[in-house]
Amino acid sequence: MSRRGYIVLLLGLSCGLFGWRAAAQSGGELRFSIKSEPKSLDPMLADDDSAETVRYLTAGVLIRLNRQTQKLEPELATSWKVLSGGKSIAFELRKGVSFSDGTPFSAEDVAYTMRTLMDPNLHSPFADPFRSATGEVKVEIKNANAVTLQFPAPVANLEQLFDEVAIVSAKSLHRDVACLGPFVVAEHAAGASIVLRRNPNYWKHDASGKPLPYLDAVRLDIQQNRDLEMLRFRREEIQLINMIDPDAFDRLATDMPSAVHDAGPSFDTEQMWFNQVASAPIADYKKAWFRSQNFRRAISQAIDRGDMCRIAFGGHARPAAGLLSPANHFWFNQKLHAEETDLTGAMKRLADDGFHLEKDVLRDREGHAVEFSIITNAGNKVRERLAVMMQDDLSKIGIRLNVVTLDFPSLIERISHSFSYEACLLGLVNVDLDPSSQMNVWLSSASNHQWNPEEKSPATEWEAEIDKLMRAQASSTDNKKRKEYFDRVQEIVAEQAPFIYLVNKNALSAVSPSVRNAAPVVLRPQTYWNIDSLYLAPASAGGRP
Amino acid sequence: MKKVRIFSIVFLAIIFSAVLLADVVAPAPYAKQFREAPNAAPSMKHWLGTDDLGRDALSRLLYGSRVSLLLAPAAALVSTLIAACIGGLAGYLGGWYERVALAATDLSLSLPWLFLLLTVRALLPLNVAPLTSVTITFALLGVLGWSSSGRIICSGARAIREADFVLQAKALGCSPRRLFYRQVLPNLKPVLSAQFWTSIPIFIIAEANLGILGLGVAEPLPSWGNLLRGLENWPEVKASPWKLAPVVLLIAVVSCFQLVFQRREEIAS
């Protein structure tokens, strides 16, 4: 073949390849399941998983937290500046952006959004973090593309809060559907599915100038049954599963190894705690055990977290070091390490409190055999396994643990109202990077301060110290100082073990090999955080020329 | 047929002996976790492999059989006796007693048992030993599970009450008490027996279902019920067919009981 022939062939091949790639990157309907009907499609009221999915896919935000790098990135705001020590924030807005119905986006929309969001009658869950003090939020529109928001008091982590604030249109005639995100709600069959179509006015383009998103549509099927969800994934009727339990993950890995993704330790923790409520209907001598730091630490030392990760989670978990997962790159206290199993150390701590072994039964100073029950939610196989493993571990130091599985409403009633329980094993789902989101757990007056909720005044010195540190970090805008405060909180929690952290389970997900550009991460939404750059391989795109 | 019956008796004898001598026969304590070998395949050390926590499956099957073979028939006996008293007398006496008894049965059948059981569980103390929890579970099943058997026994008793031989006995001046014990009860025995035997596997399965709601046998004590829960995961069972051992044993034991006691019924009638 002549040189000219080669060039023609190469040109032909490259055109073919680029042509194919361009076609592949456009079109297709991505399908996945949500577990329930969204309670509301209003992006300001999205407080359940399903509604948050719709909000993430349809809403435009000023600042986006990159789920992969855990860094803030400009979206509808090209730049921003936090002023007056966190009391105000000035945004420069992106020009030439329109809502899905063609209405131009401007500073007025940001002002309207903030006024609507902060309306106390709306009861938006996204407004609370902005309410650092009583008083109104002042909005100053400098020009069509510049706006400043002023709060009555400094707001911790102010910039990141805008990741969850969906900008709504002030002028659009179709205000309820007009949006700035990559997709727009097109069909909603209540209880069955929600179809989102590509937003033709979405402002983003890829590196080659091609408009995003690549996908034509996203179909969300409402499917509560996780087995059916898995079956549909295997049949390629859906292409993503966000969170899979370890057993299902391993089974899928055997059949479809290229579809499973283990992104490493997630933000979620599994933990146990003892009931320390003064009025709880349990024996006084047991209350004394549960209030003893030595007792709690001894239990923690007797538990084999490595075995839990290996057996209960099939290796898809890491021993937990504390209240934060190492996946939280900035806020995790690197000095902390998961408690090593140490039966001798555990017995020494117990001996310090007067506990002693009598014929393989641990007894307290007064001769009471150490026996307590642990409640957990029935039907959660992994958690039941953890409880039975703890039962076996504690039997080695002469403690009898009775495992009681309860239906979820009964369990919640016991831990929140009647306090008729001794110990509880549950998991905590963390969706936020910032420690301020955990104020409702760590303040002694908080309702989710599970070991002793809603204390009128801190019951112990260390709880008083945590209160002080949590308030200090929440009122500071200097992240370095905030980290110092929160590092100390993590150390106190590790020393005092009010929650005995067991494992951080891994973020497990499944993505069909037909989905391109997928890069599952630990932060939610793990699989579709980069929805605008996902596309389906040509064979799967289906029905698109 | 005789050979099959003899085989059934021998099989049941072996099972009962193994179950009663589980402390001696079982290769390991039922709660011992061999953590280095979870979900292991059958081997010389673990003849039926291990469960997901590394516990010896054969040992758990033996101890679990002991729990279920003693307590499920006990619960079935309680429920059949209650059903016989209420249903049998209703069918035999008829009239207002039958109407009241059937209304009570209908009421019992229409009650949302799941919620009732959840309420009962909420009232029970949390710190109960596994053996106590299993006894409570089967006692609840026995006391609450009579209604459907009661209806069947009632219709059986009604048919007997209207039978010619009962009319003849009445005409001959047979007292109601004698009539009940000599004519009605022996003729009801096949129905009672059938209800008893069909209740056993129902109670075993019910115990497994209750376990999902936290009402079953507490860990680490095994029972056929919680061993059967291990079969929820079908792909895993398909890959490890030895995990079907509890269900095979359940079917074999119930079938053998049927064969042995069916013959007794034939001889009695």
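**Confidence, a helix pair and a chain contact**

Among the elements of chain B, confidence bottoms out at helix α5 (residues 113-123) of chain B, with the lowest mean pLDDT of 73, while helix α2 (residues 22-25) of chain B has the highest at 92. This is a predicted model, so pLDDT here is just the predictor's confidence in each residue, from 0 to 100. Taken as a whole, chain B has a mean pLDDT of 86, and 94% of its residues reach 70 or more. For the model, the scores are ipTM 0.79 and pTM 0.83.

Next comes a pair of helices inside chain B. Two packed helices are described by the angle between their axes and the distance between the axes. For helix α1 (residues 2-20) of chain B and helix α3 (residues 57-93) of chain B, the axes come within 8 Å and cross at roughly 105 degrees. That crossing makes α1(B) roughly perpendicular to α3(B), because angles of 65 to 115 degrees count as roughly perpendicular. On the α1(B) side, Ile15(B), Ala18(B) and Val19(B) do the touching, and they meet Leu62(B), Ser65(B), Arg66(B) and Leu69(B) in α3(B). Sorted by type, the residues of this contact come out as 5 nonpolar, 1 polar and 1 charged.

The two chains also touch each other, with 23 residues from chain A and 20 residues from chain B taking part. On the side of chain A that touches chain B, at least two residues each come from α6 (246-255), α9 (305-312), β16 (371-377), α11 (381-395) and β17 (400-406) of chain A. That side of chain A is a mix: 9 nonpolar, 6 polar and 8 charged residues.

Note on methods:
Residues are numbered from 1 along each chain as its sequence is written. Chains are lettered from A and ligands numbered from 1 in the order in which they are written. This is a predicted model: local features need pLDDT of at least 70, side-chain atom pairs count only at pLDDT 80 or more; totals for chains, interfaces and linings use all residues. Two residues are in contact if their C-beta atoms, placed from the backbone, lie within 7 Å. Helices (H or I, at least four residues) and strands (E, at least two) are DSSP runs, numbered from the N terminus. Ala, Val, Leu, Ile, Met, Phe, Trp, Tyr, Cys and Pro count as nonpolar, Asp, Glu, Lys and Arg as charged, and the others, Gly among them, as polar. Axes are lines fitted to C-alpha atoms, for helices over the stretch in contact, and angles run from 0 to 180 degrees between N-to-C directions. Angles under 35 degrees count as roughly parallel, over 145 as roughly antiparallel, 65 to 115 as roughly perpendicular and the rest as oblique.
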